[in-house]
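Visitor: I would like a close look at a single part of this structure. Please take one element and work outwards from there.

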Amino acid sequence: MSKQILLINDMAGYGKVATAAMLPILSYMGLPVYNLPTALVSNTLDYGKFNILDTTDYITGVFPVWKELGFRFDAIATGFIVSERQARIVADYCLEQASQGTTVFVDPIMGDEGHLYNGVTPATINSMREMVAVAHLTYPNYTEACYLTDTPYCADGVDAAGARTLIDQLRRIGARSVLITSIRVDGQTSVVGYHADEDAYFALPYEEIPVHFPGTGDIFSAVLIGHLLNGVQLQPATRRAMDAVAQLIEKNKDNADKNRGIPLENYLSVIGG
């Protein structure tokens with residue numbers, strides 16, 4: 001029987017990001033997908049102007065209903081969290097579900113290239129630490145890893161020892177397994193990781209494509225989780241997710257309005273099952 005996954009992430013009205021990006025990918029990979037929006041967002045933040053509706057009050061009413069109805073999930077994947085209050089509520093739910101065997105994936109969405117995203121405040125960092133603390137697997141990018149661990153961001157990246165130190169600091173927050181994406185290690189852009197089941201560190205280098213699309217992190221997350229829930233081990237699942245993102249960017253690099261994200265439904269065959 002396919003594993004059921006709950007996405008706890010924002011929903012954009014205009015743009016293929018967050019839940020709108022992850023849901024079709026995971027469904028295509030054969031997984032029953034459910035969702036709980038942390039916020040309703042008018043459009044991707046890359047446009048510079050946006051409107052956000054915080055859904056925390058709605059969430060507080062959802063969990064008791066689901067508990068009464070006996071709803072269970074094999075996995076939960078969290079993304080954008082609006083506030084510290086929301087983080088505590090979601091983290092408590094994830095902890096409760098984890099105690100019953102649910103695997104928790106946390107994407108601590110906050111920023112990139114050394115800066116926080118539009119609308120993300122320093123309070124968000126504390127919220128994301130709460131989420132990372134309950135994660136079986138967390139996968140910040142290099143910028144987010146620095147914010148989470150109070151480590152200075154270096155545009156030139158780190159050496160192998162520095163990458164391992166960052167991973168270990170994230171593990172000390174509470175995450176069991178860790179990936180750090182978009183990090184330069186000894187001059188090579190890479191994804192680095194630690195797999196708790198194997199007690200093993202690894203590094204997967206890749207070549208950057210100089211094109212920016214919002215939502216590529218969500219695509220990576222969905223493909224990664226899909227493969228993990230279908231029985232693939234962390235390192236090969238990570239490489240498959242990296243390859244899928246690279247192919248999707250390559251196929252869409254000439255799109256006129258990149259702020260909308262990648263039109264995934266046209267390219268699901270790239271993702272694999």
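Which residue follows helix 7, and what is the sign of its phi?

Guide: The model is predicted. Gly231 follows helix 7, and the phi of Gly231 is positive, near 100 degrees. The helix itself has 14 residues. From its first C-alpha to its last, helix 7 reaches 20 Å, close to the 20 Å expected at 1.5 Å a residue. Of those 14 residues, 13 are buried, so helix 7 is largely enclosed by the rest of the structure.

On the other side of the helix is a loop that joins strand 11 (200–205) to helix 7, and His212 has its place there. Leaving aside neighbours within four places in sequence, His212 is in contact with Asp46 and Lys258. The C-alpha atoms of His212 and Ile249 are separated by 8.5 Å, although the two residues are 37 residues apart along the chain.

Helix 7 also takes part in a pocket. The second largest pocket has a volume of about 360 Å³, and helix 7 (216–229) and strand 5 (103–106) are the elements that give two or more residues to its lining. The lining has 17 residues in total, and those nearest the centre of the pocket are Thr103, Phe105, His195, Asp197 and Leu228. By type, the lining residues divide into six nonpolar, seven polar and four charged.

Next come the nonpolar cores. In soluble globular proteins, nonpolar side chains tend to be buried together. The largest nonpolar core here has 46 residues, and Leu6, Leu36, Trp66, Met131, Ile180 and Ile183 have the most contacts inside it. Helix 3 (residues 84–98) gives the most to this core, with five residues. A second, separate core has 41 residues, including Phe202, Leu228, Val232 and Ile262. Leu228 thus appears twice in this account: it is among the residues nearest the centre of the second largest pocket, and it belongs to the second core.

Two residues give some detail around the largest core and helix 3. Met131, again without its neighbours within four places in sequence, is in contact with Thr78, Ile81, Ala87, Val90, Ala91, Cys94 and Val106. Gln97 lies in helix 3 and is buried, with a relative accessible area of 4%. Beyond four places in sequence, Gln97 is in contact with Arg72, Phe73, Ile76 and Thr102.

Note on methods
Residues are numbered from 1 along each chain as its sequence is written. This is a predicted model: local features need pLDDT of at least 70, side-chain atom pairs count only at pLDDT 80 or more; totals for chains, interfaces and linings use all residues. Side-chain values use heavy atoms; hydrogens and water are left out. On a 1 Å grid over the protein atoms alone, a cavity is a set of points where a 1.4 Å probe fits but cannot get out, and a pocket is an open set with protein on both sides within 12 Å along at least five of seven lines; lining residues have an atom within 4 Å of a point. Grid points are joined across faces, edges and corners, and a volume is the space filled by probe spheres set on the points. Helices (H or I, at least four residues) and strands (E, at least two) are DSSP runs, numbered from the N terminus. Ala, Val, Leu, Ile, Met, Phe, Trp, Tyr, Cys and Pro count as nonpolar, Asp, Glu, Lys and Arg as charged, and the others, Gly among them, as polar. The expected span of a helix is 1.5 Å times one less than its number of residues. Buried means under 20% relative accessible area, exposed over 50%, partly exposed in between (1.4 Å probe, protein chains only). A nonpolar core is a set of buried Ala, Val, Leu, Ile, Met, Phe, Trp, Tyr and Cys residues joined through side-chain atoms within 4.5 Å. Contact means heavy atoms within 4.5 Å.
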